[in-house]
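Okay, thanks for making time, everyone. Let me put the model up, and then we can walk around it together.

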Amino acid sequence: MNIRNKIHLFSTVWLVMIVLAINASIYWLFYKQTTEQELDRVQLQAESIAERLRPADHTINPADMLRAFLPPNGMIRVIDEKSGSIMTAAKEADFADLPPQYHDGQVVRLDKREGALYAIAQVPLIWQDGSVVSLEVTASLLAVQDTLNMLQVVLLLASLVVLIPSFLAGRMLGNVMLRPITAMIQTMEEIQKKGTFKKLVLQDQSKDELYHLGNAFNRMIDRLQDSFDKQQQFVSDASHELKTPLTVLEGYATMLKRWGLKKPEVLEESVEAIYAEAVRMKNMTRQLLMLANPDAQTSLTLSQLDLVSLCEETSKWMRQTYERHIQTETARSEIMLQADEQKLKQLLVILLDNALKYSSAPVMIQISETAYEVSFSVRDEGIGVPQEDLPHIFDRFYRVDKARARETGGSGLGLSIAKRIVEAHGGRIEVFSEEGKGSRFTVTLPR
Ligand code: ADP
C-alpha cells in the first residue's frame, strides 16, 4: 500500500470512528432522556390512580375510574396475583399482546413487543375484596420512537455531510502533499538511469516542509554536480599537467638513445634534464595526492605551539637550502596557538618558497596577534601578481605565467594546498600584491 493510501485510510477510519462515537452518544443521551421522562410520567399517573382507588372510597366505580384516567395511547389494568388481569381499560387492541405480570411492589420498566416500545408502571393496591393487586399503567412510546427514528436519519445525513467532503479532501490533500515526493522519486530514478544531474522544479511558493525538502534535494544535487565537475576537472588537469614532463622525459630519452652514448655533452644535458623533470613530477604527484585526499586536509592533529619559533625554525631551514635572506619580525617573543604543526609548517614552506621563487630581494615574515586571532604575513619585493590574476591564484594548477612557472619549477598547486590548510584550521588567507613591486600573503588563524 502506498503512503497516500495509508494516510487516507488512517484518516478516514479515524474520522468514521469519531463520527460514530459522537452519533452514538447523542442518540443514547436523547433515548435515555425521553424514555425516562415517559417512565416518570406513567409512574406518576399510576400513583395518582392508585390514590383515587383506595378501598375507603366506595362512591366511585373502579371501571369508570380507569376509563376516566385512560391515556389516549395507553392501557390501565388491574392484575391479580392468581387470576391475572381482572380489569382492563384500553382503546386499542394492540395492548392485549402485553402479558400481565404481577408485582407486589412498585415497578417502572420499558417493554418492547414486535418493534413497539412501551413504558410500564405498576403500583400495589388494596382491591375492594381486600386482596393486594397491582395497578398497571402502560403508555405506548410510538411518538418517541418516531422522534428517535427521525434523529437516526438526521444523524446519518449529518455524518455523510461530514464524511464525504473530508474523504474527498483527504484524497486531494494526499495528492497535493505527495506530488513533490513523487516528482522527487521520478527525478532520482532519472538521475540513476541517465547518470546526469537533474534538479526538481519547485513551484510551491508556500515555503512549507515539502518545499524545503525539494530545496534541500536541489542543493544536494548542486553539491554533487559541483564535486563531480571538480573531480572531472581535477583528473583532466592532472593528466594534462603530467603530460608535459612526460613529453620532456620522452624527448631526452630519445636523444640519449640516438646520440647520448657518443656525445658526452648530450648525455650530461639529458641526464640533468631527466633528473629535474623526475623531481618535478615527484613533487607534483605528492601535491596531487594531498589535494585528492580530502581527509589529509581536514583531519588535523592539533597541539599547542609557538608560532614564533615555528616561523624561525622553518625560515632557518629555508635560508640554508636557498641561501637567501629571510627576516622574522614579531610583536612578542612567544605567540601560542592551537594548530597542526606539520600542516602549519607546510603552509609556511609554500608561502616562503613562492616568495623566494618570485623575488630576489630579502623576504620578510611578520607575526602579530589579537585576543582571539594570530596572524603572519610573508612579504617579498618580487615580481608581484597582476590584478586580473589575483582572484585565481588559489585555484588548482593556476599559474600566472606558465612559461616562467616551468623555469621556477612551479606546478600551480602550492597556493591551493595552502588555502585548504588555512580553511581546515578555520582561518583565512589574504593576498595583497602589486605587479613589479611585491606581494604580501597574510594568514589569520583562530587561537
Ligand atoms: P606555483 O607552484 O606555480 O608557485 P602556486 O599555487 O604556489 O603555484 O602559485 C600560483 C601562482 O601564483 C604562481 O604561478 C605565481 O605566478 C603566483 N604567485 C604565487 N606567489 C607569488 C609571489 N610571492 N610573487 C609573485 N607571484 C606569486
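I'll go through the ligand site and then the helix packing beside it.

Quick housekeeping: this is a predicted model, where local features need pLDDT of at least 70, side-chain atom pairs count only at pLDDT 80 or more, and totals for chains, interfaces and linings use all residues. Numbering runs from 1 along each chain as its sequence is written, and side-chain values use heavy atoms, with hydrogens and water left out.

So, the ligand. Which residues come nearest to it? Out of 19 around the ligand, those are N354, Y358, D380, S411 and L415; "around" here is a heavy atom within 4 Å. Sorted by class, that shell holds nine nonpolar, seven polar and three charged residues. For the classes, Ala, Val, Leu, Ile, Met, Phe, Trp, Tyr, Cys and Pro are nonpolar, Asp, Glu, Lys and Arg are charged, and the others, Gly among them, are polar.

Now the polar contacts, meaning N or O pairs within 3.5 Å. A backbone N or O of G412 sits 3.2 Å from a ligand oxygen, and a backbone N or O of G414 is 3.3 Å from an oxygen of the ligand. On the nitrogen side, a polar side-chain atom of S439 lies 3.4 Å from a ligand nitrogen. And how much of the ligand is buried? On its own it exposes 530 Å², and the protein buries 98% of that (Shrake-Rupley areas, 1.4 Å probe).

Three elements give two or more residues each to the shell: α8, α10 and β12, which is 438-446. These are DSSP runs, at least four residues of H or I for a helix and at least two of E for a strand, numbered from the N terminus. The top contributor is α8, with three residues.

That brings me to the helices. α8 (341-357) packs on α10 (414-424) at about 145°, axes 9 Å apart; axes are fitted to C-alpha atoms over the stretch in contact, and angles run from 0 to 180 degrees between N-to-C directions. In contact, so heavy atoms within 4.5 Å, are K343, Q346, L347, I350, L351 and N354 of α8 with G414, L415, I417, A418, I421 and V422 of α10. That makes eight nonpolar, three polar and one charged.

α10 has another partner: the axis of α5 (264-292) comes within 10 Å of it, crossing at roughly 35°. There, Q287, M290 and L291 of α5 meet G414, S416, I417 and R420 of α10. By class, that contact is three nonpolar, three polar and one charged.

Terms used: A polar contact is a pair of N or O atoms within 3.5 Å; within protein, one must be able to donate a hydrogen and the other to accept it, and residues adjacent in sequence count only if both atoms are side-chain atoms.
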